[in-house]
Number of protein chains: 2
Amino acid sequence: MTRRGRVDETLLLDNQLCFLVYRLHRGITDLYRPVLAELGLTYPQYLVMLVLWESDPLTVGQVGGRLHLDSGTLSPLLKRLETAGLIARTRAASDERSVEVSLTAQGRALREQAATVPAAVGGCLSATADEYRQTRELFSDLLARVDAASR
Amino acid sequence: MTRRGRVDETLLLDNQLCFLVYRLHRGITDLYRPVLAELGLTYPQYLVMLVLWESDPLTVGQVGGRLHLDSGTLSPLLKRLETAGLIARTRAASDERSVEVSLTAQGRALREQAATVPAAVGGCLSATADEYRQTRELFSDLLARVDAASR
DNA sequence: CATGATTAGATTGTGTCCAATGTAAACTCA
DNA sequence: TGAGTTTACATTGGACACAATCTAATCATG
């Protein structure tokens with residue numbers, strides 16, 4: 001394809017989709033950081049709270065399944081959320097291996113404050129709700145392909 | 001929009017574009033990891049090499065400008081690339097504050113091996129080159145918007 | 001020219017992310 | 001039932017990413 005000694009344009013940074021995703025990820029977290037800082041959360045911690053606001057309680061494994069994170073990441077993260085008073089962790093009675101993660105009153109209350117977060121950030125990403133949905137579909141398809149490839 | 005006590009669907013994980021980008025970023029690095037491991041590189045290290053294969057030498061600041069990374073990230077990363085024998089770091093004669101990063105013969109040689117990397121990974125992302133370009137455009141626009149928003 | 005401000009990198013500390021390993025509980029099935 | 005396997009989570013260690021601070025060199029301005 002490329003001749004010897006010439007620039008291989010597939011190796012050019014700007015041509016790489018993956019670099020755009022990498023930059024996009026960091027750019028978006030830059031948008032979230034100041035907003036979430038007011039809630040005392042990091043972005044991954046916010047994701048865990050989103051999951052628990054949808055369904056509570058959940059085991060550590062269930063939270064991990066939702067976010068595709070393992071205990072190596074979740075254990076210390078959940079410990080910090082517990083220290084912050086937002087969640088409680090208790091060994092499940094039915095299976096002493098599992099740990100149930102549940103929201104505290106403070107953790108539930110934080111949801112009210114968080115209600116404004118998506119609008120504050122999402123507005124930067126798309127002009128219209130339709131465009132937002134459309135982009136989301138494309139990303140979703142792409143993610144499915146990536147997940148399938150790593151199988 | 002949402003009534004009190006009802007689920008706020010903007011807080012649903014699956015509705016959030018940012019979560020897709022977050023997952024996409026990690027999914028794509030999962031694809032790169034085994035391929036780059038054969039070159040002895042992590043993904044961020046690979047990015048630095050891409051930048052240097054395009055233009056060599058560069059100061060630490062120039063590399064950082066290209067990747068949007070600061071010295072807090074780059075200093076230890078470049079130290080590891082130096083230990084691996086891929087780059088050299090020398091104080092610039094013209095300005096003793098700057099450090100010039102240059103490829104070693106080994107670092108230049110690695111490029112041949114890396115030539116197959118984009119195809120190995122990019123194939124998972126899009127079926128056709130046209131689709132790839134189209135997706136890239138969309139990401140590029142979105143990134144521009146995000147960068148503009150964080151100003 | 002001397003002093004204060006700015007700049008380039010390095011360092012330190014915190015929080016992910018992931019691989020590898022450890023530990024205790026639960027399961028399997030001979 | 002009981003020994004071996006599997007499962008759930010915790011821990012450790014390496015590598016980013018980012019904020020904050022530090023140091024040394026350069027610049028700006030009087």
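These are my notebook entries on a predicted model with two protein chains and DNA strands C and D.

**Ground rules**

I took local features only at pLDDT of at least 70 and side-chain atom pairs only at pLDDT 80 or more, while totals for chains, interfaces and linings use all residues. Residues are numbered from 1 along each chain as its sequence is written, chains are lettered from A and ligands numbered from 1 in the order in which they are written, and side-chain values use heavy atoms, with hydrogens and water left out.

**Entry: chain A with chain B**

I began with the protein contact (heavy atoms within 4.5 Å). Chain A gives 55 residues to this contact and chain B gives 55 residues. The size of an interface is often given as the accessible area lost when the parts come together, and I looked that up too. The two chains bury about 5800 Å² between them, with 68% of it on carbon and sulfur atoms; buried area is the accessible area (1.4 Å probe) that two parts lose on being put together, summed over both. On the chain B side, B:L11, B:L17 and B:F139 lose the most area to chain A, together 12% of what that side buries.

**Entry: aromatic pairs**

Next I searched for ring pairs. Rings of Phe, Tyr and Trp (its six-membered ring) pair if their centres lie within 6.5 Å; planes under 30 degrees apart are stacked, over 60 edge-to-face, and the rest tilted. The whole structure holds 11 aromatic pairs over all chains. One of them is A:Y22 with B:Y43, edge-to-face at 5.8 Å centre to centre and 75° between the planes. A:Y22 sits in helix α1 (residues 17-37) of chain A and B:Y43 in helix α2 (residues 43-54) of chain B, so this pair joins two chains. Helices here are DSSP runs (H or I, at least four residues), numbered from the N terminus. Both A:Y22 and B:Y43 are buried, meaning under 20% relative accessible area (1.4 Å probe, protein chains only).

I then looked at A:Y43 and B:Y22, which are edge-to-face with 5.8 Å between centres and 75° between planes. A:Y43 belongs to α2 of chain A and B:Y22 to α1 of chain B, so this pair joins two chains. A:Y43 and B:Y22 are both buried. I also found a cluster in which ring pairs link A:F19, A:Y22, B:Y32, B:Y43 and B:Y46.

**Entry: DNA strand C**

I counted a residue as near a strand if one of its heavy atoms lies within 4 Å of it. DNA strand C has 27 residues around it, the closest being A:T42, A:Q45, B:R26, B:S71 and B:S75. Of the strand C atoms within 4 Å of the protein, 77% belong to sugar or phosphate and the rest to bases. For polar contacts (a pair of N or O atoms within 3.5 Å), I noted three phosphate oxygens' distances. A backbone N or O atom of A:E96 lies 3.1 Å from one, a side-chain N or O atom of B:K79 is 2.9 Å from one, and that of B:R89 is 3.2 Å from one.

**Entry: DNA strand D**

Strand D is surrounded by 26 residues, with A:R26, A:G61, A:S71, A:S75 and B:T42 the closest. Sugar and phosphate make up 78% of the strand D atoms that come within 4 Å of the protein. A phosphate oxygen of strand D is 2.7 Å from a side-chain N or O atom of A:R26. The backbone of A:G61 also places an N or O atom 2.7 Å from a phosphate oxygen of strand D.

Definitions and conventions. Polar contact = N/O pair within 3.5 Å; in protein donor to acceptor, adjacent residues only side chain to side chain. Buried < 20%, exposed > 50% of the residue type's maximum accessible area, 1.4 Å probe, protein only.
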